[in-house]
Amino acid sequence: MTITVRAAAKINLHLGVGRVRDDGFHPLDTVYQAVSLYDDVAVSVADADVLSVEAPPYIDVEGVPADGTNIAMRALAEAACGERHLVQIGKQIPVAGGMAGGSADGAAALLAHDRLHDLRQPDDALLAQAARLGSDVPFSLVGGTARGRGRGEVVEPIEDHGSWWWVAVPSDVGLSTPAVYRHFDELFPDAPEQPAEPRELLAALASREPVRLARALHNDLQEPAIDLRPELGTLIERGESEGALRGLVSGSGPTCVFLCDSQEGAMAVVAGLSESYDVVLPAVGPVAGAHVLP
Ligand code: ATP
């Protein structure tokens with residue numbers, strides 16, 4: 001038997017980052033949205049642990065570890081059932097792109113394992129395993145739109161009746177999340193202990209007005225990411241000149257995302273940016289968290 005679970009990419013609509021703590025972590029106050037770019041993770045029982053990855057050409061498959069360090073394999077080790085597994089990942093989410101592709105695979109593997117062995121663990125138990133795997137993994141289980149605090153692992157769903165259209169432009173070369181945080185520390189040694197709260201963003205989501213949401217988007221990692229990769233600033237300006245309401249670095253980057261006023265608006269931005277960028281992906285959010293495919 002094979003269980004296949006689909007998990008979505010995320011965009012941080014708000015990413016408030018506080019000063020680094022003594023334990024090396026940054027306190028976060030973030031609003032995530034799951035968007036319609038998906039990884040599918042198929043898990044079955046096997047004689048040995050084996051992992052394979054299939055992906056379209058724009059994905060850097062080389063960047064995905066095929067051994068026990070892959071987060072999907074770490075998820076199965078976390079579940080510790082004593083069985084070995086074949087894991088097949090169908091990737092659509094850019095690697096090291098700031099869209100939590102690894103976290104999506106971790107969440108998908110946890111859920112697939114639970115269903116494969118008919119464990120039917122309560123949500124809280126899966127969320128606790130997810131938090132041990134990484135700070136974005138619990139959100140990948142929950143999906144939709146949600147606020148994340150702490151290291152991102154305390155996830156609280158937010159009512160979001162909007163249908164928000166995005167355009168995502170990944171980069172050929174990933175950007176290391178720890179490197180971007182380190183540069184944040186260099187640029188902002190006096191960052192406040194408490195990360196910025198997403199007050200205006202929550203009001204904008206409730207209004208369902210894309211122009212208002214565009215104004216409220218916020219990412220404290222954008223400046224360090226652009227400082228490390230100035231071409232991201234150029235890309236954001238270009239997307240906005242093609243008609244996007246607002247461009248933003250996604251999480252720690254280097255993927256940039258553009259909020260558009262409608263599906264038609266997103267398609268126009270896709271057409272404009274495609275003249276200069278190889279991979280330009282439309283997406284809509286919010287979409288569901290990790291779920292078993294029929
Ligand atoms: P985030 O937005 O959560 O910071 P990201 O989208 O920037 O994450 P990922 O694609 O999740 O980055 O991958 C980060 C690193 O994790 C990769 O460079 C790779 O070495 C490692 N990795 C482990 N497992 C996976 C996986 N299943 N898919 C992608 N990368 C993985």
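## Exercises around a ligand pocket

The lining of the largest pocket is made up of 18 nonpolar, 18 polar and eight charged residues. Here Ala, Val, Leu, Ile, Met, Phe, Trp, Tyr, Cys and Pro count as nonpolar, Asp, Glu, Lys and Arg as charged, and the others, Gly among them, as polar. The model is predicted, with local features needing pLDDT of at least 70 and side-chain atom pairs pLDDT 80 or more, while totals for chains, interfaces and linings use all residues. Residues are numbered from 1 along each chain as its sequence is written, and side-chain values use heavy atoms, leaving out hydrogens and water.

**Exercise 1.** Find which helix gives the most to the lining of the largest pocket.

*Solution.* Start with the term: on a 1 Å grid over the protein atoms alone, a pocket is an open set of points where a 1.4 Å probe fits, with protein on both sides within 12 Å along at least five of seven lines; lining residues have an atom within 4 Å of a point. Next, list the elements that each supply at least two lining residues: β1 (2–17), β2 (28–46), α1 (71–79), α2 and α5 (177–187). Helices (H or I, at least four residues) and strands (E, at least two) are DSSP runs, numbered from the N terminus. Of these, α5 gives the most, with five residues.

**Exercise 2.** Work out which residues come nearest to the ligand.

*Solution.* First locate the ligand: it sits in the largest pocket, meaning that more than half of its atoms lie within 2 Å of the pocket's grid points. Then look at the 21 residues around the ligand, those with a heavy atom within 4 Å of it. The nearest are A96, G98, G102, D105 and D136. Finally, see where this shell comes from: helix α2 (residues 101–116) gives the largest share, four residues.

**Exercise 3.** Identify the ligand atom types that A96, D105 and T177 approach.

*Solution.* Use the polar contact, a pair of N or O atoms within 3.5 Å. For A96, a backbone N or O atom lies 2.8 Å from a ligand oxygen atom. For D105, a polar side-chain atom is 2.8 Å from a ligand nitrogen atom. For T177, a polar side-chain atom is 3.1 Å from a ligand oxygen atom.

**Exercise 4.** Locate the two prolines P254 and P286, each joined by a cis peptide bond.

*Solution.* G253 and P254 share a cis bond with omega about 5°, and P254 is in the loop between β9 (246–249) and β10 (256–260). G285 and P286 share another, with omega about 0°; P286 is in the loop between β11 (281–285) and β12 (291–292).

Methods:
Polar contact = N/O pair within 3.5 Å; in protein donor to acceptor, adjacent residues only side chain to side chain.
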